[in-house]
Amino acid sequence: MAKQYDVLFRLLLIGDSGVGKTCLLCRFTDNEFHSSHISTIGVDFKMKTIEVDGIKVRIQIWDTAGQERYQTITKQYYRRAQYAPEGVQKILIGNKADEEQKRQVGREQGQQLAKEYGMDFYETSACTNLNIKESFTRLTELVLQAHRKELEGLRTPASNELALAEMEEDEGKPEGPENSSKTCWC
Ligand SMILES: Nc1nc2c(ncn2[C@@H]2O[C@H](COP(=O)(O)OP(=O)(O)OP(=O)(O)O)[C@@H](O)[C@H]2O)c(=O)[nH]1
């Protein structure tokens with residue numbers, strides 16, 4: 001049977017508790033917004049398939065708890081992306097852009113910080129659906145660009161045969177940090 005996607009990526013959301021990581025994810029994957037704050041415990045993930053530049057990309061997005069008390073658990077999950085080594089693609093998001101009157105960080109300040117770390121910067125709102133698709137798509141593009149060589153040929157009909165497409169996700173069972181052996185592109 002033909003594959004539903006060409007390649008699988010893992011992306012990770014990190015940030016302080018309450019900034020809206022879970023809401024960003026729910027808006028992106030299910031187009032939903034929840035006004036209550038139910039803190040993530042440890043980690044959770046959701047999947048979505050998007051097409052970028054002719055490539056069907058299955059994205060597995062990990063949502064981590066922002067609360068400090070879960071840090072020991074969450075760090076286990078993102079240890080390979082932790083110090084953002086070369087090759088790890090990242091963007092900076094300032095969420096809750098709809099709450100202008102409660103703004104904590106100036107747009108220029110966010111842009112400046114992103115520039116310092118060589119990241120793209122997006123102001124988003126999970127509430128109004130501002131820049132949600134755009135930011136996740138941009139990050140996906142960056143990962144695709146970083147893996148251009150391995151992806152050559154994916155746009156052709158023969159793509160299903162490529163080894164990259166063999167990277168299966170196990171939707172029911174998130175891999176534990178210790179037994180994760182698949183390639184992780186963040
Ligand atoms: N106005 C507004 N509120 C938002 C937005 N995104 C999230 N919120 C609210 O902010 C609160 C926290 O959102 P969460 O998505 O649960 O935050 P989180 O970063 O996942 O929090 P932890 O799981 O504790 O790390 C909730 O009450 C959301 O409704 C947004 O874009 N605009």
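The legends below walk through several close-up views of a predicted model of this protein.

**View 1. The whole chain as a run of helices and strands.** Let's start with the overall layout of the predicted model. The secondary structure comprises five helices and five strands. Read from the N terminus, these elements follow the order β-α-β-β-α-β-α-β-α-α. The protein has 186 residues, and 27% of them count as buried. Among contacts between residues at least 6 apart in sequence, 66% link residues at least 24 apart.

**View 2. A sheet of three strands with helix 4 packed on it.** Here three strands make up an open sheet in the order 1-3-2, with mixed pairing. Strand 1 and strand 2 are the edge strands, each pairing on one side only. From one strand to the next, the twist averages 25°. Helix 4 packs on this sheet and touches strand 1, strand 2 and strand 3, while its direction makes about 75° with that of strand 2.

**View 3. The two partners of strand 3.** Strands of a sheet pair through backbone hydrogen bonds, either parallel or antiparallel. Both kinds of pairing can be found here. Strand 1 and strand 3 run parallel and are joined by seven bridges. If you would like a landmark on this side, look for Phe-9, which stands opposite Ile-59 in strand 3. Strand 2, residues 43-52, pairs with strand 3 in the antiparallel sense over ten bridges. A landmark for that side is Asp-44, whose bridge partner in strand 3 is Asp-63. Strand 3 is largely enclosed by the rest of the structure, because seven of its ten residues are buried.

**View 4. The hairpin turn at Asp-53.** Strand 2 and strand 3 form a hairpin with two residues between them. Asp-53 sits in the loop that separates strand 2 from strand 3. Most residues other than glycine have a negative phi. Asp-53 is not a glycine, yet its phi is positive, at about 55°. Is this residue buried or exposed? Asp-53 has 12 other C-beta atoms within 10 Å, so it is exposed.

**View 5. Helix 1 and the neighbours it packs against.** Helix 1 is mostly covered, with seven of its ten residues buried. Those buried residues are Lys-21, Thr-22, Cys-23, Leu-24, Leu-25, Arg-27 and Phe-28. They pack against strand 1, strand 2, strand 3 and helix 4.

**View 6. Asn-31, just beyond helix 1.** Follow the chain out of helix 1 and you come to Asn-31, in the loop between helix 1 and strand 2. Asn-31 has a phi near 55°, a positive value in a residue other than glycine. Asn-31 counts as exposed because it has 10 C-beta neighbours inside 10 Å.

**View 7. The largest nonpolar core.** In soluble globular proteins, nonpolar side chains tend to be buried together. The largest nonpolar core of this model has 23 residues, and those touching the most other members are Phe-9, Leu-11, Leu-13, Leu-24, Ile-61 and Trp-62. Strand 1 (7-13), helix 1 (21-30), strand 3 (55-64) and helix 4 (132-146) each contribute at least two residues to this core. Which element gives the largest share? That is strand 1, with six residues.

**View 8. A closer look at Leu-13.** Leu-13 is one of the core residues that touch the most other members. Setting aside neighbours within four places in sequence, Leu-13 is in contact with Lys-21, Leu-24, Leu-25, Ile-61, Trp-62, Asp-63 and Thr-64. Two of these partners may look familiar from earlier views: Lys-21 is among the buried residues of helix 1, and Asp-63 is the bridge partner of Asp-44.

**View 9. The shell around the ligand.** Our last stop is the ligand, which is surrounded by 24 residues. The closest of them are Ser-17, Gly-20, Thr-22, Thr-40 and Gly-66. How many residues of the shell are nonpolar, polar and charged? The shell divides into five nonpolar, 15 polar and four charged residues. Thr-22 also links this view to View 5, as one of the buried residues of helix 1.

Note on methods: Residues are numbered from 1 along each chain as its sequence is written. This is a predicted model: local features need pLDDT of at least 70, side-chain atom pairs count only at pLDDT 80 or more; totals for chains, interfaces and linings use all residues. A residue is near a molecule or strand if its C-beta atom, placed from the backbone, lies within 6 Å of it. Ala, Val, Leu, Ile, Met, Phe, Trp, Tyr, Cys and Pro count as nonpolar, Asp, Glu, Lys and Arg as charged, and the others, Gly among them, as polar. A nonpolar core is a set of buried Ala, Val, Leu, Ile, Met, Phe, Trp, Tyr and Cys residues joined through C-beta atoms within 7 Å. A residue is buried if 20 or more other C-beta atoms lie within 10 Å of its own, exposed if 12 or fewer, and partly exposed in between; C-beta atoms are placed from the backbone. Helices (H or I, at least four residues) and strands (E, at least two) are DSSP runs, numbered from the N terminus. Two residues are in contact if their C-beta atoms, placed from the backbone, lie within 7 Å. Two strands pair if DSSP finds at least two bridges between them. Axes are lines fitted to C-alpha atoms, for helices over the stretch in contact, and angles run from 0 to 180 degrees between N-to-C directions.
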